[in-house]
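Open the model in your viewer and switch to a cartoon view. We will make a few stops, selecting one part at a time.

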Amino acid sequence: MSGVFARGGDARGGDARGDVFAGTLAELTWHEVDRAARSGAVLLWGFGVIEQHGPHLPTGTDVYLPGARLRGVRALLAERGVEALIVPPYYWGVNVVSGAFPASYGVRPELMREVMADLLAGMARDGFRHVFCFSGHGDALHNRTVYDGVRAASERAPVDASFVTEPALARRIGLGLDDPHLTLSGPDEPPPEGPVDVHAGRWETSLMMHLHPGLVREDVRARLEPSGLGPSELAVWRKGFADARRVTPDGYFGDPAAAGADEGHRIQAASVEQAADAIALRLRRAASSHPHEGRRNHG
């Protein structure tokens, strides 16, 4: 299987083709997927949306970035003796904040939750026992729905599904940090001071410049002024739809002109390592509680 995956990306976790199926189980035969499940492989699954990302980033940014992160996580887990497959990305998510912009699509939360639960149950029937779900989209209702889908599946099927997220986001969507359906990744720290950068700004643009530079409209990016917005504007923006479009008429919240590929490399490396550490820790704890699972997952 490594030969199949080798075509799908590079050491950064990026993919020169921009192919969202690259490196996923969509490129495998059912025999290969079946063998992976029987050997105790875990699944990694990203949840994004198609939505506006300012005048300089593609509408698939929230799909491309988690996909690259998962390819990096899979590589680090392999170094630790944990086999992982990547599920093709889910990209019809919940979209409140960008809902008033063109090319920003969403579905009802209850639909997304039930689709997640059905698909996770199918993965459990295949023999996969651990599925780690990631979000590439910051919308609070989207992330709460990812969690709700994980919880619904875990209650209906024999699968340890969990939502891999940072502590700050877990709190923002009303979850306790001891929730068994969460796999917490990254430090628990307050947001940085100064102007807020949350959407198509410096950090997200830096990641795209590092991972998919050919998709960044560089001539546009370099001329964009920083939004200069703070927490009070963020609170209005998060109401979504017309409120968000009024606060950010060009669709970005931050400083994309200050972005750089080197910064994107640092952000990518840290997020990949933090997620791999969090997954490995959850698997070790599961193995200590169920020794037979430890043998199946090499952990």
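This is a predicted model. Begin with two helices. Watch how H3 passes H7: the crossing is left-handed. To find them, select residues 61–79 for helix H3 and residues 202–211 for helix H7. Their axes are 11 Å apart, and the helices pack at an angle of about 65°.

Now show side chains where the two helices touch. On the H3 side, pick Thr-61, Asp-62, Tyr-64, Leu-65 and Ala-68. Their partners in H7 are Glu-204, Leu-207, Met-208 and Leu-211. What classes of residue make up the contact of H3 with H7? It has 6 nonpolar, 1 polar and 2 charged residues.

**Next stop: the sheet**

Strands of a sheet pair through backbone hydrogen bonds, either parallel or antiparallel. Which kind of pairing is found here? The open sheet has 5 strands with parallel pairing, in the order E2-E1-E3-E4-E5. Select the edges, E2 and strand E5 (182–184). Each of these pairs on one side only. Look along the sheet for its twist, which averages 25° from one strand to the next.

Zoom in on E1 and E2. They pair in the parallel sense over 5 bridges. Label Phe-47, then look opposite: there stands Tyr-90 in E2.

Now add residues 140–156, helix H5. H5 lies across E1, strand E3 (130–135), strand E4 (160–165) and E5. Compare directions with E4: H5 runs at about 160° to E4.

**Last stop: the empty space**

Rolling a probe the size of a water molecule over the atoms shows where empty space is left. How many cavities of 30 Å³ or more are there? The count comes to 2. The largest has a volume of about 140 Å³.

Select Val-20, Val-63, Gly-67, Arg-71 and Pro-89 to find this largest cavity: of its 21 lining residues, these lie nearest the centre. Strand E1 (42–47), H3 and strand E2 (84–90) each give two or more residues to the lining. Which element gives the most? H3 does, with 7 residues. So color the lining by class to finish: 11 residues are nonpolar, 6 are polar and 4 are charged.

Technical notes: Residues are numbered from 1 along each chain as its sequence is written. This is a predicted model: local features need pLDDT of at least 70, side-chain atom pairs count only at pLDDT 80 or more; totals for chains, interfaces and linings use all residues. Side-chain values use heavy atoms; hydrogens and water are left out. Axes are lines fitted to C-alpha atoms, for helices over the stretch in contact, and angles run from 0 to 180 degrees between N-to-C directions. Helices (H or I, at least four residues) and strands (E, at least two) are DSSP runs, numbered from the N terminus. A crossing is left-handed if the near helix is turned anticlockwise from the far one by less than a right angle, and right-handed if clockwise. Contact means heavy atoms within 4.5 Å. On a 1 Å grid over the protein atoms alone, a cavity is a set of points where a 1.4 Å probe fits but cannot get out, and a pocket is an open set with protein on both sides within 12 Å along at least five of seven lines; lining residues have an atom within 4 Å of a point. Grid points are joined across faces, edges and corners, and a volume is the space filled by probe spheres set on the points. Two strands pair if DSSP finds at least two bridges between them.
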